[in-house]
Amino acid sequence: MAIAETSPHRAGLHEAYRSRTPRSAALFERATRVLPGGSTRTTVFAPPYPPYLATGTGIHVSDVDGNIYRDFLGNYTSLILGHAHPAVVAAVEAQVRRGSAFGAPSEVEIALAEALVERVDSIERIRFTNSGTEATMFAIRAARAFTGRPLVAMFERAYHGTHDTAMAGTPGVPSAVGDLVAVLPWEDLAGVERAIAGRESELAAIVVEPVQGAGGVRAASPGMLSGLRALCDRVGALLIFDEVISFRVAPGGAQAEAGVRPDLTTLGKIIGGGYPLAAFGGRAAVMDRFDARVPGAMTHGGTFNGNPVGAAAGLATLEELTAGRYPELAGRAERLADAVATAAAGAGTTVRVDTVASLFQVRLGDHTAASAVATGTGAADLFVGLLLEGFYLAPRGMGAIATSATDADVDELGEAIVRVATRIAEAGTAS
Ligand SMILES: Cc1ncc(COP(=O)(O)O)c(C=O)c1O
């Protein structure tokens with residue numbers, strides 16, 4: 001199926017991209033015969049087709065056509081050390097030689113659990129899953145079991161993965177699930193109270209990303225988070241922080257920065273060191289509902305839960321992430337925002353980069369922080385335009401700084417963003 005090329009500028013971008021990526025085009029065509037839309041992951045499709053990446057080292061990735069990109073997406077923020085970091089590769093190789101998985105627990109999963117409990121103050125007990133989706137699904141289930149209540153509240157523009165409660169209101173999820181989900185307004189505690197008014201005694205949990213990722217990289221204010229803490233305490237609900245993305249902002253996660261202690265936390269992305277591993281954890285009283293020694297314990301099976309390869313990779317990653325690394329990463333993100341601001345002022349283009357620690361979001365056009373979800377209508381052109389400049393970001397304009405990025409990488413990305421944004425604005429496709 002052809003994707004509409006709605007403007008001459010877009011058609012030109014796509015033509016230039018197609019001429020550089022014939023092998024990716026052929027793979028995409030082949031993929032569409034067996035994978036719907038050629039893909040098995042909604043977030044990695046971008047028109048006209050995505051490049052097929054074949055190798056990655058540090059900040060560089062190459063596609064099957066031999067084009068090299070500097071990767072500022074890092075598999076959607078999960079590769080905080082860049083690709084194929086030697087310490088991670090060594091840990092994974094050693095573990096794979098010992099065995100990839102057993103129908104038994106492993107010492108390395110204890111070591112990773114200890115490292116995370118040590119870093120995140122509010123986590124007393126933790127369990128591993130294969131994905132952030134499972135992590136939020138189980139955290140919510142634990143909250144419902146612990147409180148004996150059905151209602152879960154989550155925010156507009158939140159993304160907590162793809163299980164039913166997280167995707168209420170979308171095709172295939174029964175409307176009865178939606179009846180058990182309240183949607184909350186961002187940075188509006190009075191609105192939050194209104195959204196649950198009359199149902200306080202049904203509320204099992206409020207789930208919140210301390211830094212929204214898919215929602216456009218926006219940090220919740222400490223005041224909102226402490227207000228949610230107080231509200232949960234008042235109505236007897238649990239507070240769940242989804243730190244699948246935001247754990248990368250500080251050694252103890254965004255909760256340490258905000259000084260607010262949730263009952264449960266979900267983690268993912270960087271804690272698997274590039275492998276499929278995530279986790280949920282928190283208060284012992286809640287988590288101990290999964291204690292299999294106790295009659296009536298909650299079931300949390302999973303063939304690959306706590307997989308030793310992912311646990312080894314995650315542990316190696318955390319060992320590299322000493323406290324000093326975090327300000328270094330955040331500093332590079334700020335440097336990117338500054339580079340874009342300077343070049344945009346020079347070019348007279350309204351593009352900017354907003355940052356939260358090492359996370360960033362490109363915003364095209366004349367957006368206010370409150371209204372901007374992502375990048376405006378030129379987003380699709382931004383992605384392809386940046387590919388042609390040799391940079392890889394999320395199609396929605398999100399990125400993250402890895403330890404492998406240098407000041408020069410960041411400066412050159414900033415210049416490229418403004419060049420691409422200027423062309424989009426001149427072509428009249430920016431909102
Ligand atoms: C905040 C948040 N929660 C949950 C998830 C789901 O994680 P996964 O993609 O590993 O299922 C994501 C994924 O991007 C996320 O950003």
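# Pockets, salt bridges and ring pairs in a predicted model

The largest pocket of this predicted model encloses about 1,200 Å³ of space.

User: How many residues line the largest pocket, and which of them lie nearest its centre?

Analyst: The lining of the largest pocket divides into 19 nonpolar, 16 polar and seven charged residues. In total, 42 residues line the pocket, and those nearest its centre are Thr133, Tyr159, Gly161, Thr162 and Lys269.

User: Which elements give two or more residues to the lining of the largest pocket?

Analyst: The pocket in question holds about 1,200 Å³ of space. Two or more lining residues come from each of helix H3 (74-77), H6, strand E5 (151-155) and strand E6 (181-184).

User: What is the volume of the second largest pocket?

Analyst: The second largest pocket has 31 lining residues, and the closest to its centre are Pro105, Glu109, Ile126, Arg127 and Phe128. H5 and E4 each supply at least two residues of this lining. The volume of the second largest pocket is about 790 Å³.

User: How does the lining of the second largest pocket divide by class into nonpolar, polar and charged residues?

Analyst: The lining consists of 31 residues. By class, these are 16 nonpolar, eight polar and seven charged.

User: How many residues apart are glutamate 412 and arginine 70, which form a salt bridge?

Analyst: The closest N and O atoms of glutamate 412 and arginine 70 are 2.8 Å apart, and the cut-off for a salt bridge is 4 Å. Glutamate 412 belongs to helix H15 (residues 407-426) and arginine 70 to strand E3 (residues 68-71), so the bridge links distant parts of the chain. The two positions are 342 residues apart.

User: Is arginine 70 buried or exposed?

Analyst: Its partner, glutamate 412, has a relative accessible area of 34% and is partly exposed. Arginine 70 has a relative accessible area of 17%, and a residue under 20% is classed as buried. Arginine 70 is therefore buried.

User: Which parts of the chain does the salt bridge between arginine 261 and aspartate 121 tie together?

Analyst: The closest N and O atoms of arginine 261 and aspartate 121 are 3.4 Å apart. The two partners lie in loops 140 residues apart in sequence. Arginine 261 is in the loop between helix H10 (254-258) and strand E11 (264-267), and aspartate 121 is in the loop between helix H5 (107-119) and strand E4 (125-129).

User: Is aspartate 121 buried or exposed?

Analyst: Arginine 261, its salt-bridge partner, is partly exposed at a relative accessible area of 41%. Aspartate 121 has 64% relative accessibility, and the class boundary lies at 50%, so aspartate 121 counts as exposed.

User: Which residue forms a salt bridge with arginine 352?

Analyst: Arginine 352 is partly exposed, at 26% relative accessibility. The closest N and O atoms of the pair are 2.8 Å apart, and the partner is buried at 17%. That partner is aspartate 354.

User: Which residues do salt bridges that share partners join into one network?

Analyst: The count for the model comes to 20 salt bridges. Through shared partners, salt bridges join into one network the residues Arg229, Asp233, Asp263 and Arg283.

User: Why is the ring pair of tyrosine 17 and tyrosine 49 classed as tilted?

Analyst: Tyrosine 17 lies in helix H1 (residues 8-20) and tyrosine 49 in the loop between helix H2 (22-32) and strand E1 (53-57); both are buried. Their ring centres are 5.0 Å apart. Planes under 30 degrees apart would be stacked and those over 60 edge-to-face; the pair is tilted because its planes meet at 40°.

User: Which residues do ring pairs link into a cluster?

Analyst: The whole structure contains 11 aromatic pairs, including that of tyrosine 17 and tyrosine 49. The cluster linked by ring pairs consists of Tyr17, Phe28, Phe45 and Tyr49.

User: What are the planes of phenylalanine 138 and phenylalanine 280, stacked or edge-to-face?

Analyst: Phenylalanine 138 in helix H6 (residues 132-147) and phenylalanine 280 in strand E12 (residues 278-282) are 142 residues apart. They are buried, at 6% and 1% relative accessibility respectively. The centres are 5.7 Å apart and the planes at 15°, so the pair is stacked.

User: Which residue lies over the face of phenylalanine 138?

Analyst: The distance from the ring centre is 5.0 Å. The residue over this face is arginine 141.

Notes
Residues are numbered from 1 along each chain as its sequence is written. This is a predicted model: local features need pLDDT of at least 70, side-chain atom pairs count only at pLDDT 80 or more; totals for chains, interfaces and linings use all residues. Side-chain values use heavy atoms; hydrogens and water are left out. A salt bridge is a side-chain nitrogen of Lys or Arg within 4 Å of a carboxyl oxygen of Asp or Glu. Helices (H or I, at least four residues) and strands (E, at least two) are DSSP runs, numbered from the N terminus. Buried means under 20% relative accessible area, exposed over 50%, partly exposed in between (1.4 Å probe, protein chains only). Rings of Phe, Tyr and Trp (its six-membered ring) pair if their centres lie within 6.5 Å; planes under 30 degrees apart count as stacked, over 60 as edge-to-face and the rest as tilted. A charge sits over a ring if NZ of Lys or CZ of Arg is within 6 Å of the ring centre and within 35 degrees of the ring normal. On a 1 Å grid over the protein atoms alone, a cavity is a set of points where a 1.4 Å probe fits but cannot get out, and a pocket is an open set with protein on both sides within 12 Å along at least five of seven lines; lining residues have an atom within 4 Å of a point. Grid points are joined across faces, edges and corners, and a volume is the space filled by probe spheres set on the points. Ala, Val, Leu, Ile, Met, Phe, Trp, Tyr, Cys and Pro count as nonpolar, Asp, Glu, Lys and Arg as charged, and the others, Gly among them, as polar.
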